[in-house]
There are 2 protein chains.
Amino acid sequence: MTSNKDEYELFYWPSIQGRGEFVRLALEEAGASYKDVARGSKSEGGGVPALLAMLKTADGEGALPFAPPILKHKSVIVSHVAAILHYLGPKLGLITDTEPKRIEALQHQLTITDWVAEVHDTHHPVSNGLYYEDQKPEAKKRAKEFTKERIPKFIGHFERALERNTASQGKHLVGSSLSYVDLSLFQMIEGLRYAFPKAMKTHEKEAPRVVALHDSVAARPNIAAYVASKRRIPFNEDGIFRHYPELEG
Amino acid sequence: MTSNKDEYELFYWPSIQGRGEFVRLALEEAGASYKDVARGSKSEGGGVPALLAMLKTADGEGALPFAPPILKHKSVIVSHVAAILHYLGPKLGLITDTEPKRIEALQHQLTITDWVAEVHDTHHPVSNGLYYEDQKPEAKKRAKEFTKERIPKFIGHFERALERNTASQGKHLVGSSLSYVDLSLFQMIEGLRYAFPKAMKTHEKEAPRVVALHDSVAARPNIAAYVASKRRIPFNEDGIFRHYPELEG
């Protein structure tokens, strides 16, 4: 994972899964050679300083990144999870390389992007610049709405999307085989189970196809090996998915 | 705009600019033939029922839409602003049709997507399912953070991005000519001026390139004609950009 021949460099916070995890899962499933730069040692040009330097200098061709994650591949830099996965998808064999299929996957990934932002805002409803402790009353309100209204809406949406995709008999979101959006949906379920276990226990009952997809991704050899490895950072209360029991009421 | 030969059909709420406006601006700049379906008459198959029917049946090839806007082109449906513009960009001549340029534009559009979501949450920080009036104290807190911290962060980001794009002498976000992301940045400035005029007066001073880009887009003949026409729905307090004086403190 840290040889000089690594094809891809990922720049993301080293102590959380966060948004970077959606990219890590794609790289891991594909068995890609990549360096998780900010998790490397400072003495070898890694660590958080390397991430901050990339944000500041935007050393590469492509749009100026607004925030991590950032992927560097040869001389190209790409930021935003959905754009990174759009870029990586065909290269990693995680989407059929045709315009219609790529755009179909992009749309699903953007729904997941919105979902992730809503998860984040359950613990930061007022401002990302304030601590959770300083916005707890608002967080309780927002988390209540999220667990009651939004989780079933999003899960129900993906259940319907799977049902509609007859090409895969409801087993994949795009086309007839695994794509990166399947991996991202797996991660949503993992994260939500960690953050809101009670709510998920209820809502998962209504979404058998989503749960089956989660389970089939979890059983894939590369994903199972990754999740069991030290490369998989445990969920924690600095990430997007945080377990604050008080937010489940 | 309503002949049978319209090439594109846009499905979006008929009484607000909202997220649909980013698509409308691209179609208008290109002089494309399109139907704004939900603004058509119910007796001719338009109106909100047509929008709701599209959401329910997802009549077309592509991903199941989660929410409007939805574009229909021939048998293809595309949802999410960034995916719609990614799809339309080369067809409308609003992005160079190469993978690197398209991905560069996609990244900028995704930063704008995030920015739009933050604007929305200034008046709906707790839940989209509640009225603004029922989340006013939280809205005041969130709007304060947004106007103080986030507007300058985003505007400063795009100022840097323009400065960095030497190919256009800082006049365009991608490459050397107009792209759909320039139109979207124009719309952000328009909307923020409407919603937070005091804050914008201050923050715009720090972003001369962004203001110049806004002005150059406003002066484009097709955009000027559109903005002056009845097709441009006025900003109002049902949309994304809302002017609530109490949110400016």
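Biologist: What is the strand order of the open sheet in chain B?
Modeller: This is a predicted model. The sheet in chain B is open and has 4 strands with mixed pairing. Their order is β2-β1-β3-β4.

Biologist: Why is one side of β2 and of β4 in chain B left without a neighbour in the sheet?
Modeller: Strands of a sheet pair through backbone hydrogen bonds, either parallel or antiparallel. In chain B, β2 (34-36) and β4 (76-79) each have a single partner strand, so one side of each has no neighbour in the sheet. The reason is their place: both stand at the edges.

Biologist: Which residue is the bridge partner of B:Ile70 in β4(B)?
Modeller: Strand β3 of chain B covers residues 70-73. It pairs with β4(B) in the antiparallel sense over 4 bridges. In β4(B), the partner of B:Ile70 is B:Ser79.

Biologist: Now chain A. By how many degrees are neighbouring strands of its sheet turned against each other on average?
Modeller: Chain A has an open sheet of 4 strands, ordered β2-β1-β3-β4. Its edge strands are β2 (34-36) and β4. With direction ignored, the average turn between neighbours is 20 degrees.

Biologist: Which residue in β3(A) is the bridge partner of A:Glu9?
Modeller: Strand β1 of chain A runs over residues 8-11, and β3 over residues 70-73. The two pair in the antiparallel sense, with 4 bridges. Opposite A:Glu9, the bridge partner is A:Lys72.

Biologist: Which helix packs on this sheet?
Modeller: Look for a helix that touches β1, β3 and β4 of chain A. Its direction makes about 130 degrees with that of β4(A). That helix is α3(A).

Biologist: Which three residues supply 19% of the area that chain A buries against chain B?
Modeller: The interface brings 44 residues of chain A into contact with 44 residues of chain B. The chains bury about 4100 Å² between them, 57% of it on carbon and sulfur atoms. No other three residues of chain A supply more than A:Leu64, A:Phe66 and A:Arg164.

Biologist: Which residue forms a salt bridge with A:Asp121?
Modeller: The rule finds 6 salt bridges across the interface of chain A and chain B. In the one with A:Asp121, the closest N and O atoms are 3.4 Å apart. A salt bridge needs them within 4 Å, so this pair counts. The partner is B:Arg142.

Biologist: How many charged residues are on the side of chain A that touches chain B?
Modeller: Between the chains, 25 residue pairs are in polar contact. The touching side of chain A has 19 nonpolar and 11 polar residues. Its charged residues number 14.

Methods:
Residues are numbered from 1 along each chain as its sequence is written. Chains are lettered from A and ligands numbered from 1 in the order in which they are written. This is a predicted model: local features need pLDDT of at least 70, side-chain atom pairs count only at pLDDT 80 or more; totals for chains, interfaces and linings use all residues. Side-chain values use heavy atoms; hydrogens and water are left out. Contact means heavy atoms within 4.5 Å. Buried area is the accessible area (1.4 Å probe) that two parts lose on being put together, summed over both. A salt bridge is a side-chain nitrogen of Lys or Arg within 4 Å of a carboxyl oxygen of Asp or Glu. A polar contact is a pair of N or O atoms within 3.5 Å; within protein, one must be able to donate a hydrogen and the other to accept it, and residues adjacent in sequence count only if both atoms are side-chain atoms. Ala, Val, Leu, Ile, Met, Phe, Trp, Tyr, Cys and Pro count as nonpolar, Asp, Glu, Lys and Arg as charged, and the others, Gly among them, as polar. Two strands pair if DSSP finds at least two bridges between them. Axes are lines fitted to C-alpha atoms, for helices over the stretch in contact, and angles run from 0 to 180 degrees between N-to-C directions.
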